[in-house]
Each structure stands twice: as structure tokens, then as C-alpha cells.
Amino acid sequence: MKPRTVFLALLPLAGFLLTWQVLADQRWINTALFPSPGQIAASMAALMTEYEDGRSVLAMHVFTTGKRLAAAAMEGIVIGMTGGCLLAVSRWFYRLANPFILLILPIPGIAMAPLFIVWLGFGDQVIITIGAVTTFFPVAYNTYAGIRSVNPQIVHAASIMGAGPLRILVQVYLPWAAVYILNGIKLGLARCWRTVVAVEFIAAADWGLGYMIWDAAEHLNASVVYGGIFLLALLFVILEKGLINGIARLTVNRWGFSLS
Amino acid sequence: MRWDPNIKITLRRVTKVFEEKGVTALQDVSLDIRKDKFTTIVGPSGCGKSTLLHLLAGFDRPSNGEIRLDGQMIEKPGPDRGFVFQDYALFPWKTVLGNITFGLTINGVAKSRAQEIAMEYIRLVNLEGFEHAYPHTLSGGMKQRVAIARALAYNPEVLLMDEPFGALDAQTRKYMQGELIRIWERFKKTVVFVTHSVIEAIYLSDVVVVLSARPGTVKGIIEVDIPRPRNYTGQEYLDVRKRVLGILEEEVQKEISMDRA
Amino acid sequence: MTLSTLRTRTAETLLPFLVGGILWEGGCRFFDVSPQILPPPSLIAAQAVELWAKGALRQHILASLFRLLLGYVLAVTAGIILGALIALKSDIRRMSSLTLSLLISIPTITWVPVLLITMGLGDRTVITAVFLGGLFEMIYSTALGVENVNRRIVDAARIMGAKRTDLFFRVMLPASLSFVIPALRLCIGYCWRALIGAEILSAMIRWGLGKMIFEARFWNDVTVMFIGLLSIGLLAVLFDRVFLRRLERITIEKWGIAARIDA
């Protein structure tokens, strides 16, 4: 990337932070509501170095959210892919299930939270379950679309070489559908992440980034609120650019496809 | 500079360099395009013929040298020129009629008059009945006819065509060549046509300009005096073809060895 | 669409719900499930009718819809304008792409605590949350759409003499619709999520579907929760089918420039 491009990209952020810092130092803005970037950084650093049970508080929050995210994502992806395969394979199942999926798809995860809380109480389990539910839909849908989009000619090519149905499913359909599936996983992860954090706002007992932010908001600790949000954005960008694109690079990109 | 009314477009020492790619597409091109004649530019791949056409259209400016249309410098695109693209570039959200009237209405022609004019051109290109169709429902040949009608409708001084039949199959291509001549003979406009195909060039044009391999310069200008409609196999045709190919062959060899380098 | 296809389409859509509903009802009665855990459809329907008659359901729905649509329209308008600006001015684009990527990654719900501490707990906060929910996505998609306009179509218009305003409004904008219109559908999804999240978290609002679902927790009223969830689902699907899909059909599908999959 050209140096000028990098400079221009960072300019608005740097400018924004600088202006904010100056305004806060001069007390031209209400620092209770808008603490300076310096104060925010200090608060976050404090959280990082504050220890409880021998572990950094901030790290615990991040770790807890991450743990829930991983569990929810895995559940959602596995069940989603299975569901997607089923939808693709059985016309009846698709006809039966599709209207339900379409109805439930737009419902935000956090809206389902009160219901799941009644069923499962507070804590990890609720958060993971709702996360899994929201991941399920995009993964299932994209898996379905991917399998259905397979070019029938390469299926014929494989079968005439003597491949049986299971081999064709695994070695022909799945790699082809992989692009779609990865896209679905990408979307699903985005949803899962957002939902987990959102549900943590109301359902987490004591740990988790969402809990941290919400608790700070309730105590009007603006520094931690802003710091937490920034941290979330950063972690997510790393997650998406690093993990997903990394997987894509190793698989579908090498075969000549690219993720949307 | 005295301006000869028989010359429509003059190019003087036109050079085009693409700095980011480090490529000199055209070098010192000087050329006169005669008025009301059909001029074709041929040359090996990468010789800059499309670039030249883009400069004539005003989509791009030369790095050096000047291009004048009727004595005026060409600096940006404008309705004194018409352009037909290889991939049609029709507006997908407008019907055939809408596409053709666009050039008229944005230049101030009243809607009803514009539609009248458009219908004339639709009839001219044999697309009557398709006025309200959307481009994506038409075949390649039909789309190109719409493109030609669209470019002619606002009566430009010059018609520029960039390998317009390149995306069509052989049959349609032959048909379109005949159609183009039929349409052209009605209006006798100045046409600058770019193509790969020497056969097409000789069939269509009054003048064939051969461009050298990159960086492109004018290698040869051949007059084609054969009366129309032309026969792809007549003796005169074959003679001209031999001459053009002679010049071209050398350039194609150069092009191939450049690719290998 | 012919009447018979319409009938088959409706039947195909309603039949699964009928089957599902019967199974659900049957299952509840057969296994003697407590209505506190999983109310049967008959109970849900009865309660819904009652709530509607009392006017409460209508209030909740209208409040939510008002906030949603206001925020959505503002987000779409601002998003298209900003997105187009970003796409057209390369310096602005280079300046904003990093910032935009970061802003898009922030879960919409996390704006809510910020808004709560700065704007209080009322209506305005919810509408602003909805606005922010849809804004960034709209900017991004519009920018992408305008960038991806076929250069030659723009050239074709230029040589016909189109001036800059003509070029933008009559050529680039329609051409970018193959991205912008699907984005409209995506956006409303984000807006719904922002709406419900904000309603749940804003203590001072009285009405709203999110609020309704959340409050039901205090009485362990699962039935009301289902009513709320189903209302959200139905409204979202209705809006999508009746307005957005139709919009898609009369524009990009008719012109043959629709893109492929959605999820």
C-alpha cells in the first residue's frame, strides 16, 4: 500500500482522537460523558492490570466472551451445515422448513433472550444457545444454496469415473459448496458475535465483554464503555480478517474462488 | 494552420503513455481522417488502436501532440461524436427506446420529438417491434444494433466504433457488416472503425490504416477503391488483402517476439 | 402471476405452518406441557386477540414501527448520500475505508450503552440506535455499488454529452441499484436488530415490542413473549415481501441486473 493511502486512511481517526483529546483537556466537553482518549486508555489499562483470582480482569472478560463465542459458533456451524445439507437433499424437508426459517430469520437474537432465560436461566448456557441459534440460519441457508448450485456436469464427471454417492457428496459437493459455506460461516459468525455480546448485556452474571460494557454503562463509567466498544471492534476485525480470510486463503482462494 | 474541409479529424504527433503501467501505447501518430469516408484502423494486439479511438472520443487525453475535429481540439467527450462499444454498454434500466432517446433528451430535444427520431432509427436498424424491450432480453446482434442506433440518433459529426462485432458469432458478424454498410450509405458519415479482422476492415472501409506493434505508429495507409457492395472473394479484394497483410505480418511477428521476451 | 400460481404459492407457504401448528398443539396437550414453559398455539392466539382488543398490542406495534421506519429512512438517505460521495471522491474514499470497516464491525447493540449515557433512556435513543444500525451498512453498499458501475456505460453517456448531474442521477445511480436495492433489504434487518435491542435496554420507554417481550419476563409470561416474537417475525417478513421484494422486482429484476443469493 502506498504511504499516501495509509496516511489518508489513518488521518480521520488520528484527527478525531486528537480533537477529542484536546476538547477534553480544555474541558470544553463534558468529560463525564466523553472522557478523553487518554482517560479511556488509562481505564482499560487499569482493568488489564487489575487482578482477581490471579488473572487480569480484562483478560477474563475477553476470555469468557471468546469461550462462549467459540462454543456457540461451533454448535451453530455444525447444526447449520447439517441442516443445510438436509434442506438441499430433501425437497419435502425444504418445503416444510423454509417458511419457518424465513419467519424466524429476521428475529433478533436478543429478542429471544427473555424466552430462553425463562427456559434456561441466566449464565453461559443461555448465551451459547442463543448464539448458536443465530449462527444456524445463515450457515444453513448458505450451505443449502451452495449444494444446490453445484454444476451438474462435474457430478456426472465424477460418477462416470466410478464414484459412489457418498464419495460424490464429500469430494465433489462439499468442496464446491465450500465457498458458499464459508460465506455462510462468515455471516453466521458476525451474527453470533453480535448476539453473544448483546445477550451478555442482560444475561451474563459477572463476566464477559458485554457484561463489562453494560455494567460500566449502568455505573456511568463512560471510559470503560468506550474502551470496551473499541476493543470489541478491534477483536472482531482481527477475527474476520485473520481467521476467516486465513481459512479462505488456504482453501477456496487456492481453487480460484473468492469470498464476497 | 490552414484547415482542409475534406479532412474531418487530424492527429498530429500524438503520443500516449500510461505512466503507472510504464507503457507507451502510441508514439508520434500523425493521421488525417477524411470526411464522410469509412476509415478502419487495424493492427496487432496491443498496438493501441483502442487507445487511439478513446483519444478521439475524448475519454482520455494524449500525453503529447494534438487531435482536432473540424479544426477544434478534442478535449473531452461530447455529442459531436458517437461511440459504439464492443460490449454494447446499453443502459439496462432503460428500454430500447429509452436508450436511444437518452442522447436526444439530455441535449434538449423534447420528449415526443425524441421518440419520433428514435423510432426512425429503430426502423433503420430493423428493430421495429422491440422498442419497449429491455436490453437483457435481446441477442448480441440486436443489442449492437440498438447501440448503433443510439450513437447515430443525436446526429454526431463522427461515428467511432471499437471492435463492435468482436463479441458476435461469425454469422451475426457477417450480417452486421452488411447492415452497417447499408446504414452508413444512408448517412455517409465519417466513421472511424477499429478491428482485429483484416477481412472485415477491407470489406467495410474506404481507407485502411495499419498500426505497428507497440508503441503504435502509423505503418501504412491503404486506399480501398472497390465499389460496394463488396465481394469477399473478388480479385481486387484479394489484392488489397495481400497488401494489408504484408504490412501487418511484419508487425504481428514483432508482437509475438515481444510477448515471448 | 396467475391466480392458480398465487393460490399454490399461498398454500405452499401456509401448509407447513398448519402442520407445524397442529403438531405443536397436539404435542402440548399430549405431553401435558405447562403453558409457563411452552404455550400451545391456541393459547397464544387467544391472548393475542385479547391484547389487541385492549389496544395494548396495537400500541406496542405502532411504537416499534414508528421508530423503525424513521430510523430506517434516515439511515438509507444518509447512507446513500455518503456512500455515493465516498465512491466518487477518491481522496474521501481512501480516508474513510479504514474508519468505515471499523465502524461496521461494531455490533449495533454496543452503540446503545453509549447512547444511553449520552442521550438518556427514551425514544430518541432508540431511533438513533436504529439509524446507526442501518447507516454504515448502507454507506458501504452504496459505495460498492457506485464503484462497480460499468465504466463503459458512463463513457457512453459522457460522449452523448451528459453533464455531471445527469451523469450521476440518470446513469450512475440507476446502475448502482443492483447493489443498493439488496442493501435496502439487508439494512432493515440490521435496523430491526437495533430497534429491539435498544427497546429492551431503554428503561424509560413505555411501548414497543422489545419492551413488551422484556417486561413479560417479570411475570414469567411466556405467552406474551411468543406473541412479541411472532409479531416481529411477521412484520419483518411482511415488510420485506410486500415492499422490498416488490421494489426489487420492478427495478433490478426487470432490468436483468439482479445479483444472486441472499441469506
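Which strands of chain B does helix α4 lie across? In this predicted model, helix α4 of chain B, residues 140-153, lies across β6 and β7 of the same chain, and runs at about 170° to β6(B).

Those two strands belong to an open sheet of six in chain B, with the order β6-β7-β8-β3-β9-β10 and mixed pairing. At the edges sit β6 and β10 of chain B, each of which pairs on one side only. On average, neighbouring strands here are turned by 15° against each other, direction ignored. If you follow the sheet to β9(B), you will find five bridges joining this strand to β10(B), and the two run antiparallel. One pair to look up is V209(B), whose bridge partner in β10(B) is I221(B).

Here are the residue ranges for some of the strands of chain B:

| Strand | Residues |
|---|---|
| β6(B) | 81-84 |
| β7(B) | 158-162 |
| β9(B) | 207-211 |
| β10(B) | 218-223 |

Edge strand β6(B) also has a part in the contact between chains B and C. That contact takes 21 residues from chain B and 16 residues from chain C. On the side of chain B, the elements giving two or more residues are β6 and α2 (96-105), and β6(B) gives the most, with three residues. By class, this side of chain B has 14 nonpolar, five polar and two charged residues.

Over in chain A, helix α1 covers residues 3-25 and reaches 31 Å from its first C-alpha to its last, close to the 33 Å expected for its 23 residues. α1(A) bends by about 35° at L11(A), with the proline P12(A) following within four residues. After α1(A) comes R27(A), whose phi is positive, near 60°.

Conventions:
Residues are numbered from 1 along each chain as its sequence is written. Chains are lettered from A and ligands numbered from 1 in the order in which they are written. This is a predicted model: local features need pLDDT of at least 70, side-chain atom pairs count only at pLDDT 80 or more; totals for chains, interfaces and linings use all residues. Two strands pair if DSSP finds at least two bridges between them. Axes are lines fitted to C-alpha atoms, for helices over the stretch in contact, and angles run from 0 to 180 degrees between N-to-C directions. Two residues are in contact if their C-beta atoms, placed from the backbone, lie within 7 Å. The expected span of a helix is 1.5 Å times one less than its number of residues. The bend at a residue is the angle between axes fitted to the seven residues ending there and the seven starting there. Ala, Val, Leu, Ile, Met, Phe, Trp, Tyr, Cys and Pro count as nonpolar, Asp, Glu, Lys and Arg as charged, and the others, Gly among them, as polar.
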